[in-house]
Amino acid sequence: MDEVTVGLAALERTPLFAGLDRQHLEDVMTVAGRVSYGPGEAIVERGDPGDAMYIMLGGAAEVDVGGRYHRLERGNFFGEMAVLAGKPREATVRAVEPVEALRIPADELQAYLLDHPHVALGMLKSLVERLREVQDRLDTWIGGVW
Ligand code: CMP
């Protein structure tokens, strides 16, 4: 299988792109590039500019969210926050197993999302889930302090 076919097969199994037809998935592949990282390597670093978003194709990475680690595996995406907000990276994401990912550069991502609102909606849903998870953690912490 060539690289595009492998990428398309992986995207088809990614919840963010669920329901998109082949043409739309191929659109992603025209803007995305394959990248790999070894265990221990930082994929994005806290404070860096948001130059791209990543979609995990395989392996595992971890986000350091204030001393707690959030695991990212096939189908998960990350790095969208700095791109969408035009602000520095919120957290460091590090490979913990060999990582294969798709990298979508910031400029292409904005244009892609404007053309594919379905995907933008999927990203919003994931962001809300993340917000709720952080809020729950904060509530637990505040509950413990009081
Ligand atoms: P960004 O800030 O661009 O780079 C670090 C990424 O880690 C961030 O985008 C999100 O994709 C991800 N991230 C940040 N905070 C959390 C969290 N609490 N849970 C899961 N992922 C997160």
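In this predicted model, the shell of residues around the ligand divides into nine nonpolar, two polar and five charged residues. That shell holds 16 residues, and the closest to the ligand are Gly-79, Glu-80, Ala-82, Arg-89 and Glu-90. Among the secondary-structure elements, E4, H3 and H5 each supply at least two residues of the shell.

Three polar contacts between the protein and the ligand are set out below.

| Residue | Protein atom | Ligand atom | Distance |
|---|---|---|---|
| Gly-79 | polar backbone atom | oxygen | 2.9 Å |
| Met-81 | backbone N or O atom | oxygen | 3.5 Å |
| Arg-130 | polar side-chain atom | nitrogen | 3.3 Å |

Gly-79 thus meets a ligand oxygen atom through its backbone, and Met-81 likewise offers a backbone N or O atom to an oxygen atom of the ligand, whereas Arg-130 approaches a ligand nitrogen atom with a polar side-chain atom. Taken on its own, the ligand has 460 Å² of accessible area, of which the protein covers 96%.

Which space does the ligand take? The ligand occupies the largest pocket, and this pocket contains about 930 Å³ of space. Its lining is made up of 39 residues, of which Phe-77, Glu-80, Met-81, Ser-126 and Arg-130 are the closest to the pocket centre. The elements that give two or more residues to this lining are strand E4 (61–65), strand E5 (68–72), strand E6 (77–78), helix H3 (80–85) and helix H5 (117–145). H5 gives the most, with 13 residues. By class, the lining of the largest pocket comprises 19 nonpolar, eight polar and twelve charged residues.

Some residues appear in both descriptions: Glu-80 is listed among the residues closest to the ligand and also among those closest to the centre of the largest pocket. Met-81 and Arg-130, which are likewise listed as closest to that centre, make contacts with an oxygen atom and a nitrogen atom of the ligand, respectively.

Note on methods. Residues numbered from 1 in each chain as written. Predicted model: local features only at pLDDT ≥ 70, side-chain atom pairs only at ≥ 80, totals over all residues. Heavy atoms only, no water. 1 Å grid on protein atoms, 1.4 Å probe; cavity = no way out; pocket = protein on both sides within 12 Å on 5 of 7 lines; lining within 4 Å. Points joined across faces, edges and corners; volume = space filled by probe spheres on them. Helix = DSSP H or I, 4+ residues; strand = E, 2+ residues; numbered from the N terminus. Nonpolar A, V, L, I, M, F, W, Y, C, P; charged D, E, K, R; others polar. Near = heavy atom within 4 Å. Polar contact = N/O pair within 3.5 Å; in protein donor to acceptor, adjacent residues only side chain to side chain. Areas by Shrake-Rupley, 256 points an atom, 1.4 Å probe, with all protein chains shown as cover. Sits in = over half its atoms within 2 Å of the grid points.
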